[in-house]
Amino acid sequence: MSFLRKYAALAWISARSNFAYAGEVGGRLMFLSVILFIFMCVWKAAFANAGQDRFAGYSLDEIIWYLALTECIMMSSPRVTALIDEDVRTGAIAVQLVRPLSYPLYRLASNFGEQTVKFASTALVAVAIAWVLGGPPSNFGTGAMMVLIALPMAFVLDFLGYMLIGLGAFWLEDTTGLMLIYSRLTMIAGGMLMPLDLFPEPVQAILNALPFGYIVCGPARLLVHPDWVSLVSLLWHQLFWVVVMGTAVALVYRLALNRIALNGG
Amino acid sequence: MRHAVEVENLRKVYEVKKRRGFKSVKSEVVSVNNVSFSVPEGQALAFVGPNGAGKSTTIRMLTGILTPTSGEARVLGYTPWKDRAKMAFHIGAVFGQRSQLWYHLPAGDTFDLLAKIYNLDKFDYRRRRAELVERFDLGPFLDIPVRRLSLGQRMRAEVAASLLHGPRLILLDEPTIGLDIHARQQLRELIRDWNRREGLTVFLTSHDTGDIESVAERVMIINHGRLVLDETVDSLRKRNTGRSLEDALAHIYGLEMHQAVVL
């Protein structure tokens, strides 16, 4: 229990610390308004051009809600890579290593707290905008509940990907390039720009075999098409990838510790 | 006499890559070269040397962050690089340029967090916290976000935070860096007082000779990875009457530039 208590306390203090950035909500409101408006115009044109009112089962309003949620998930994504990079480069990692804490779990807990606050504040804004642009989706309550169930593991999975990249700092000392590639992969292969269902079937098969869709598309899809079978399937896929990537993080971290040579005087 | 730290023939060799055109050539750098010493419990020791001497590498081996190339060390009975997690409950560390306090929250919140990290009993924690708040005079600013504190207030809170779990050994890496004279004196007094009252073993690294004179009873100088001096501060002062401690150390460092002075 004390093991869980310390990391829960870390997540909580990280969440509270991020309330200091509440002023950023204004910036997010502006960004989301513009981006969702642009998306709406693009998709409106696409629907009109195709002469259809549904693409792969998605109406225009559902696409808007889908995109609102994918933007929330992406915008609340962790800065873990940059933090680990800085910890390694400056030697600040020493502050954590002399304490009875696991560094990866410390980063996970801190990130979870931060991401929860960021997501909540962004989601409030996104829901308001999507409501204005598209009206409420049907079964909003059920969909929102399913999203809340799917989000924690989506956050953990997202964190593990960035953590793996961040641990590259023990070898590369600058992981910015890798981080950019990874974040773009999550955007495209994760379904941030459009549901994976709209990709050609052979491409869908490849994307469904990767973890990115279970971070972004999976939870967002549940908001507009809530379905218990899909939720359970998503949770299993998330769990699978959490185990795979968690194991990878543990192995790479062990190698990193062996290699550690702190910077600084 | 029990020893808080025992080091025998500690050695750390780094592999460094140098570029020659398109090729990279590996060479070895000996950062710590067969260092041996012991520190009795309750002693306040200053571990000093010029930049690049091997001080930080030695400390990182003693905290278990680095594994030595060869040699042995025991810190409070633990082998640091093998028992780092267990040893962590019994040591504290303050790194002058790296904070453990959460920037946007009051120091008191970090204290509450540390109580959970170190699994402190609630009653013991409250008593200890009250004692530290009183002794370090943190009361006036304990509920103010750290980002609004002066550097002196922040460092007092940092040192207090590192003592919260009742460590038997504390490592202080440049604790007074950037502080004004008054804040520095105040912090030195607190550390010295804690060392004497609680029998806390203090391992100090600092380029500030005022820190050494105020806090430490013993000074060890390391240079080019080797111990070049190990004596009490009093004895060093007596051997260099007419010179400030700063001049005495500069003289020893200067000698080192021209010849190898080995114990």
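From the N terminus onward, the elements of chain A follow one another as α-α-α-α-α-α-α-α-α-α-α-α, and the secondary structure of this chain accordingly amounts to 12 helices and zero strands. The model described here is a predicted one, and the predictor assigns the complex an ipTM of 0.84 together with a pTM of 0.87.

The overall dimensions of chain A can be set against a simple expectation for a chain of its length. A compact globule of 265 residues would have a radius of gyration near 18 Å, and the value for chain A, 19 Å, agrees with this. Taken along the principal axes, the C-alpha atoms of chain A fill a box of roughly 65 × 40 × 35 Å. Of the 265 residues in this chain, 43% count as buried. When contacts in chain A between residues at least 6 apart in sequence are considered, 83% of them join residues that are at least 24 apart.

A single residue of chain A, G57(A), illustrates how positions distant in sequence may be brought together in space. G57(A) is placed in the loop between α2 (24-50) and α3 (60-75) of chain A. G57(A) has 11 other C-beta atoms within 10 Å and is therefore classed as exposed, since the cut-off for that class is 12 or fewer. Although 168 residues separate G57(A) from H225(A) in sequence, the distance between the two in space, C-alpha to C-alpha, is 9.3 Å.

Chain B has a secondary structure of nine helices and nine strands. For its 263 residues, a compact globule would again have a radius of gyration near 18 Å, and chain B, with 19 Å, agrees with that expectation. The C-alpha trace of chain B spans about 55 × 50 × 45 Å along its principal axes, and buried residues make up 45% of the chain. Among the contacts in chain B that link residues at least 6 apart in sequence, 69% join residues at least 24 apart.

Six strands of chain B form an open sheet with mixed pairing, in which the order is β5-β6-β7-β3-β8-β9. The edges of this sheet are occupied by β5 (91-95) and β9 (226-232) of chain B, each of which has a single partner strand, so that one side of each is left without a neighbour in the sheet. From one strand to the next, the twist averages 15°. At the β5(B) edge, the partner is strand β6 (residues 169-173) of chain B, which runs parallel to β5(B) and is joined to it by five bridges; within this pairing, G92(B) stands opposite I170(B). Across β5 and β6 of chain B lies helix α5 (residues 151-163) of the chain, which runs at about 160° to β5(B).

Further pairing in chain B involves β1, β2 and β4. Strand β1 (residues 3-20) and strand β2 (residues 23-40) of chain B pair in the antiparallel sense over 14 bridges, and one of the opposed pairs consists of K17(B) and K26(B). The hairpin of β1(B) and β2(B) has two residues between the strands, and G21(B) takes a positive phi near 65° in this hairpin. Strand β1(B) also runs antiparallel to strand β4 (residues 70-75) of chain B, to which five bridges join it. In that pairing, E8(B) has E72(B) in β4(B) as its bridge partner.

The contact between the two chains takes 24 residues from chain B and 22 residues from chain A. On the side of chain B that touches chain A, at least two residues are supplied by each of α1 (55-62), β5 and α3 (107-117) of chain B. The largest share of this side, four residues, comes from α3(B). Divided by type, the residues that chain B places in the contact are 14 nonpolar, six polar and four charged. Strand β5(B) thus appears in two settings, as it stands at an edge of the open sheet and also supplies residues to the side that touches chain A.

Confidence in chain B varies along its length. The mean pLDDT of the chain is 88, and 96% of its residues reach 70 or more. Over residues 258-263 of chain B, however, the pLDDT is below 50, and this stretch has eight contacts in the model beyond near neighbours in sequence. Where pLDDT is low, the predicted coordinates should not be read in detail.

Technical notes:
Residues numbered from 1 in each chain as written. Chains lettered and ligands numbered in written order. Predicted model: local features only at pLDDT ≥ 70, side-chain atom pairs only at ≥ 80, totals over all residues. Pairing = 2+ DSSP bridges. Axes fitted to C-alpha atoms, helices over the stretch in contact; angles between N-to-C directions. Contact = placed C-beta atoms within 7 Å. Buried ≥ 20, exposed ≤ 12 C-beta atoms within 10 Å, placed from the backbone. Rg over C-alpha atoms; globule rule 2.2 N^0.38 Å. Nonpolar A, V, L, I, M, F, W, Y, C, P; charged D, E, K, R; others polar. pLDDT = per-residue confidence, 0-100.
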